[in-house]
Amino acid sequence: MTRQITTRISGVDRGKNTRDGNPQYTVFTDDGAFLTSRDGAVAYGIGNSEYRGPVVLTVEGNHVLGATTLNGEHFIGRQG
């Protein structure tokens with residue numbers, strides 16, 4: 001089930017690339033740690049500074065599918 005949570009990103013760690021060569025990250029938040037979705041667009045922007053701090057994450061299970069800044073100015077990946 002896909003849901004949205006408002007949380008704060010405190011850090012990201014890059015993991016191994018997926019089998020297809022795309023990056024994958026662990027995203028640390030006030031609500032726990034999540035992995036970026038395999039081969040998802042969210043991995044290409046989640047490490048950028050505009051996503052540090054308060055955000056709305058679109059998550060499914062333990063995977064981040066998308067992120068949006070609270071003011072909606074920046075977004076990456078799947079939304080809602």
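A polar contact is a pair of N or O atoms within 3.5 Å, where one atom must be able to donate a hydrogen and the other to accept it within protein. In this predicted model, the side chains of N22 and D39 make such a contact, at 2.8 Å. N22 sits in the loop that lies between strand 1 (2–14) and strand 2 (25–29). Although N22 is a loop residue, its relative accessible area is 18%. Buried means under 20%, so N22 counts as buried. Setting aside neighbours within four places in sequence, the residues in contact with N22 are N17, D39 and Y44. D39 therefore appears both in this set of contacts and as the side-chain polar partner of N22.

From the loop the chain passes into strand 2, which is joined to strand 3 (residues 32–36) by 4 bridges, the two running antiparallel. The connection between strand 2 and strand 3 is a hairpin through 2 residues. One of the paired positions is T29, whose bridge partner in strand 3 is G32.

Strand 3 also pairs with strand 5 (residues 63–69). Here 2 bridges join the strands, and the direction is parallel. L35 has H63 as its bridge partner in strand 5. Strand 3 is thus antiparallel to strand 2 and parallel to strand 5.

The next feature concerns charge. Side chains of opposite charge can pair when their charged atoms come close. The salt-bridge count for the model is 1. R8 and D30 form a salt bridge, with their closest N and O atoms 3.3 Å apart. Because R8 belongs to strand 1 and D30 to the loop between strand 2 and strand 3, the pair ties together parts that are 22 residues apart in sequence. R8 is partly exposed, its relative accessible area being 37%.

The remaining feature is the nonpolar interior. The largest nonpolar core contains 16 residues, and I9, I46, L57 and V64 have the most contacts inside it. Strand 1, strand 2, strand 4 (53–60) and strand 5 are the elements that give two or more residues to this core. For V64, contacts beyond four places in sequence are made with V27, F34, L35, T36, S37, V42, L57, T58 and V59. Among them is L57, another of the core residues with the most contacts. L35 is also in contact with V64, while its bridge partner in strand 5 is H63.

Conventions:
Residues numbered from 1 in each chain as written. Predicted model: local features only at pLDDT ≥ 70, side-chain atom pairs only at ≥ 80, totals over all residues. Heavy atoms only, no water. Buried < 20%, exposed > 50% of the residue type's maximum accessible area, 1.4 Å probe, protein only. Contact = heavy atoms within 4.5 Å. Pairing = 2+ DSSP bridges. Salt bridge = Lys/Arg side-chain N within 4 Å of Asp/Glu carboxyl O. Core = buried A, V, L, I, M, F, W, Y, C linked by side-chain atoms within 4.5 Å.
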